[in-house]
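Please consider the following structure, starting from one strand and proceeding outward to the core and the ligand.

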Amino acid sequence: MSISMIAAVGQNLELGYQNQLLCHLPVDLKHFKTITSGHTVLMGDRTWESLPKKPLPNRRNIVITLDNVEFEGAETVHSIPDAIALVRDDEEAFVMGGATMYRLFLPYANKLYLTRIVSDFVADVWFPEINETEWQLIDNEFIPKDEKNIYDLFFQTLIRQK
Ligand SMILES: NC(=O)c1ccc[n+]([C@@H]2O[C@H](COP(=O)([O-])OP(=O)(O)OC[C@H]3O[C@@H](n4cnc5c(N)ncnc54)[C@H](OP(=O)(O)O)[C@@H]3O)[C@@H](O)[C@H]2O)c1
């Protein structure tokens, strides 16, 4: 079992503003879909609420909340250990946000898929600081901006150092 995290961040680790993503980048949505399809995605309830279409198709959706509620089309758990127990037979499961979940799952994650958007954003949530000595960059693909994607970005993959 391996826990990965996937996020799109600005130059200051910005993640979102007013429970929305920073910007609309079709190339990144496609990247997210390619990487996560067929796998389990784990998310906090605020991220679930922010999804325009839910559950995310072709993926097992798990929502984490402290509240005693259920989410149609998703499994619900109330703690990080319970979430990890649910994916123990997965080869690779993905934490897809938001800020609270990235912070809580970071100690358990051994792979990060970070889309680094080359811009600054107004934000009210941030990805946790990454200790550079603990992580090795194994992939760094530059994607230049175009007519549909208004910012340059890098698709980075980092793995936890042994
Ligand atoms: N850039 C990206 O890649 C990306 C990806 C995903 C999300 N985002 C952005 O991130 C923002 C949302 O992040 P967020 O931090 O506000 O919300 P979140 O991580 O999606 O969900 C937070 C919720 O998790 C629950 N929770 C908190 N601590 C918990 C614990 N110890 N055990 C179990 N459940 C716990 C609480 O739900 P209850 O109050 O119901 O208990 C809390 O409201 C939005 O702006 C969204 O657009 C960005």
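A crossover is right-handed if, with the strands pointing away from the viewer, the path from the first strand over the helix to the second runs clockwise; helices (H or I, at least four residues) and strands (E, at least two) are DSSP runs, numbered from the N terminus. By this convention β4, α2 and β5 form a right-handed β-α-β unit. The model is predicted: local features need pLDDT of at least 70, side-chain atom pairs count only at pLDDT 80 or more, and totals for chains, interfaces and linings use all residues. Residues are numbered from 1 along each chain as its sequence is written.

Strands pair if DSSP finds at least two bridges between them. β4 runs parallel to β5, joined by five bridges, with Gly 44 opposite Ile 64. β4 also pairs with β7 in the parallel sense over three bridges, where Leu 42 has Val 95 as its bridge partner. Five of the five residues of β4 are buried (20 or more other C-beta atoms, placed from the backbone, within 10 Å of their own), so β4 is largely enclosed by the rest of the structure.

The largest nonpolar core (buried Ala, Val, Leu, Ile, Met, Phe, Trp, Tyr and Cys residues joined through C-beta atoms within 7 Å) has 36 residues. Leu 42 and Met 43 are among those with the most contacts inside it. The largest share of this core, six residues, comes from β1.

Around the ligand stand 28 residues (C-beta atom, placed from the backbone, within 6 Å), and Gly 44 is among those that come nearest. β4 and α2 are among the elements that each supply at least two residues of this shell.

Notes. Buried ≥ 20, exposed ≤ 12 C-beta atoms within 10 Å, placed from the backbone.
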